[in-house]
Amino acid sequence: MSSQTEQDQDRVSVLPQERYDLVIRGQRVLTTSGIRPREVGVRDGVIVALQPLGNNLEGDEVVELADDETLIPGLVDTHVHVNEPGRTEWEGFASATRAAAAGGVTTIVDMPLNSIPPTIDVPALEEKRAVAREQVHVDVGFWGGAVPGNTAELRSLHDDGVFGFKCFLLHSGVDEFPPLDADEMEHDMRELASFDSVMLVHAEDSRAIDRAPSPEGDDYAKFLASRPRGAENIAIAEVIERARWTGARAHILHLSSSDALAMIRSAKNDGVRLTVETCPHYLTLTAEEIPVGGTQYKCCPPIREAGNRELLWEGLIDGTIDFVVSDHSPSTLDLKDLENGDFAVAWGGVSSLQLGLSLMWTEARHRGLDLETVVSWMSERPAQFAGLTGKGRIAPGYDADLAVFAADDAFVVDVSKLHHRNPITPYAGRALAGVVRRTYLHGEVVDGVTPRGRLLRRGMID
């Protein structure tokens, strides 16, 4: 990290007489060497100058940050379910990317389900791109899907620019995206290893869940018992060993079970090519606080007990968990079964795309963690994971994707002010610290009206 920081500092412009499209000045700019008083010069959507405050860079537009504002790199959320086409009533590209920008997220990578068709071959990918192209308010990339029978499609999807591939080890919740068994996953991992792509795995073991108690009614404890930690632990062990045998890159999605941290640490120490994410809901919510019938909290794997949450924080802080993403998985209100509050039938997914930074900052500051660390977990590290080399840092040569964050400001979550399509979230009424006041994409303020986002292919812009 230090060598990269030195490289970035070496790239600082020494031509203050040049004119820039945009200059942002402030006492608090999050650079690769920490929060510093800096001036940022932007030209053609790219950061081309980073100089000490007081150098008076000249720009067609000059923005002076307020004393309580910090300029941070735009967040990168690599786990978002947009659902368009096919289930646009759940979420669509316009609403999802508007919500992302409001939360300081400037890049998302869309999951291959729950759209219809799912992104399991090139025609489906091109259909999704065609729908998204004129709608997006932030930059958008795409994951491909690995399902039974589509091994022959993986290389062509890779060549067409997907960032990697997602599979399930149990029913995905939608019939058009069936799961792989462990042997099928290993087979596809060998294929992915041949062109160094990555397999993202929803790691819950179907056999363990089949033998667990059935969820029923409005009691969250019964739902939690139906998705035991053991189901995650068994599946993660399978992923680790199949990655070890094949040499493929593997990624554990939305880690919920703290039990798995020890084997993840061991695998990483052994050189297994493994990365792991978790989500704000596993780090900020606990099973004990979920009310009777509170199906807005239902997700899979589930939100677990307070002690489990504390161990996840330890795993994040020590680097066992690599980064934090939303797993924004919305649905219509009726699918959440709010009238009955039946956890057995409600759709499993948490809507939080707009709130992630404030959620994480609220919890992190109570733990004595700094803003630089939180932003690294939500910007630089997921960008590195996805191979988004121009994202995640305020440094010369990087995209001018930026957010102005007032860390000491506060607000209460009002679902009517959230931009995702359906007004539901488990965080309704929660007081949070930190407000995103403005978001810049390619050096322009995202206004939520004019879509300026780009579609991203692995290694390039569409």
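Student: Why is Asp196 called partly exposed?

Tutor: In this predicted model, Asp196 has a relative accessible area of 37%; since buried means under 20% and exposed over 50%, with partly exposed in between, Asp196 counts as partly exposed. Asp196 lies in the loop between helix 5 (182–193) and strand 11.

Student: What makes the phi of Asp196 worth a remark?

Tutor: The phi of Asp196 is near 55°, which is a positive value in a residue other than glycine. Most residues other than glycine have a negative phi.

Student: Which value of phi does Asp327 have, and is Asp327 buried or exposed?

Tutor: Asp327, although not a glycine, has a positive phi of about 45°, and its place is in the loop between strand 14 and helix 12. The relative accessible area of Asp327 is 8%, and because buried means under 20%, Asp327 is called buried.

Student: How do you know whether Ser214 is buried or exposed?

Tutor: Ser214 has a relative accessible area of 55%, and because the word exposed applies over 50%, Ser214 is exposed. Ser214 is found in the loop between helix 6 (206–211) and helix 7 (220–226), and its C-alpha is 36 Å in space from that of Phe385, with the two positions 171 residues apart in sequence numbering.

Student: What makes Phe411 buried, partly exposed or exposed?

Tutor: The relative accessibility of Phe411 is 27%, and because values between 20% and 50% are called partly exposed, Phe411 counts as partly exposed. Phe411 has its place in strand 15 (residues 402–412), and, leaving aside residues up to four places away in sequence, Phe411 touches Leu355, Ser358, Arg430, Ala431, Leu432, Gly434 and Val435.

Student: How do you know that strands 9 to 14 belong to one open sheet, and which strands are its edges?

Tutor: The 6 strands form an open sheet in the order 9-10-11-12-13-14, with parallel pairing. The edge strands are strand 9 (144–145) and strand 14 (323–324), each of which pairs on one side only.

Student: What makes strand 11 a partner of strand 10 and of strand 12?

Tutor: Two strands pair if there are at least two bridges between them. Strand 10 and strand 11 pair in the parallel sense over 4 bridges, and Met199 in strand 11 is the bridge partner of Phe165. On the way to strand 12 (residues 249–252), strand 11 (residues 198–202) is again joined by 4 bridges in a parallel run, where Met199 stands opposite Ala250.

Student: How many bridges join strand 12 to strand 13, and why is strand 13 described as largely enclosed?

Tutor: Strand 12 is joined to strand 13 (residues 274–278) by 3 bridges, and the two run parallel; His251 stands opposite Thr275, and Ile252 stands opposite Val276. Because 4 of the 5 residues of strand 13 are buried, strand 13 is largely enclosed by the rest of the structure.

Student: Which residues touch the most other members of the largest nonpolar core?

Tutor: That core has 95 residues, and Phe165, Met199, Leu255, Leu274, Met360 and Trp377 touch the most other members. The contacts of Leu255, apart from residues up to four places away in sequence, include Ile236, Leu261, Ile264, Val276, Leu312 and Ile321, and also Glu232 and Glu277.

Student: What makes up the lining of the largest pocket?

Tutor: The largest pocket, with a volume of about 630 Å³, is lined by 36 residues, of which His171, Ser172, Gly173, Arg227 and Cys300 lie nearest its centre. Two or more lining residues come from each of strand 10 (165–168), helix 6 and helix 7, and helix 6 gives the most, with 3 residues. By class, the lining divides into 16 nonpolar, 14 polar and 6 charged residues.

Student: What lines the largest cavity?

Tutor: The largest cavity holds about 90 Å³ of space, and of its 13 lining residues Leu75, Asp77, Val105, Gly356 and Met378 are the closest to its centre. Strand 6 gives the most to this lining, with 3 residues, and the classes are 9 nonpolar, 3 polar and 1 charged.

Student: Which omega does the cis peptide bond from Cys300 to Pro301 have?

Tutor: The omega of that cis bond is near 0°, and Pro301 lies in the loop between helix 10 (280–284) and helix 11 (306–317).

Note on methods
Residues are numbered from 1 along each chain as its sequence is written. This is a predicted model: local features need pLDDT of at least 70, side-chain atom pairs count only at pLDDT 80 or more; totals for chains, interfaces and linings use all residues. Side-chain values use heavy atoms; hydrogens and water are left out. A nonpolar core is a set of buried Ala, Val, Leu, Ile, Met, Phe, Trp, Tyr and Cys residues joined through side-chain atoms within 4.5 Å. Buried means under 20% relative accessible area, exposed over 50%, partly exposed in between (1.4 Å probe, protein chains only). Contact means heavy atoms within 4.5 Å. On a 1 Å grid over the protein atoms alone, a cavity is a set of points where a 1.4 Å probe fits but cannot get out, and a pocket is an open set with protein on both sides within 12 Å along at least five of seven lines; lining residues have an atom within 4 Å of a point. Grid points are joined across faces, edges and corners, and a volume is the space filled by probe spheres set on the points. Ala, Val, Leu, Ile, Met, Phe, Trp, Tyr, Cys and Pro count as nonpolar, Asp, Glu, Lys and Arg as charged, and the others, Gly among them, as polar.
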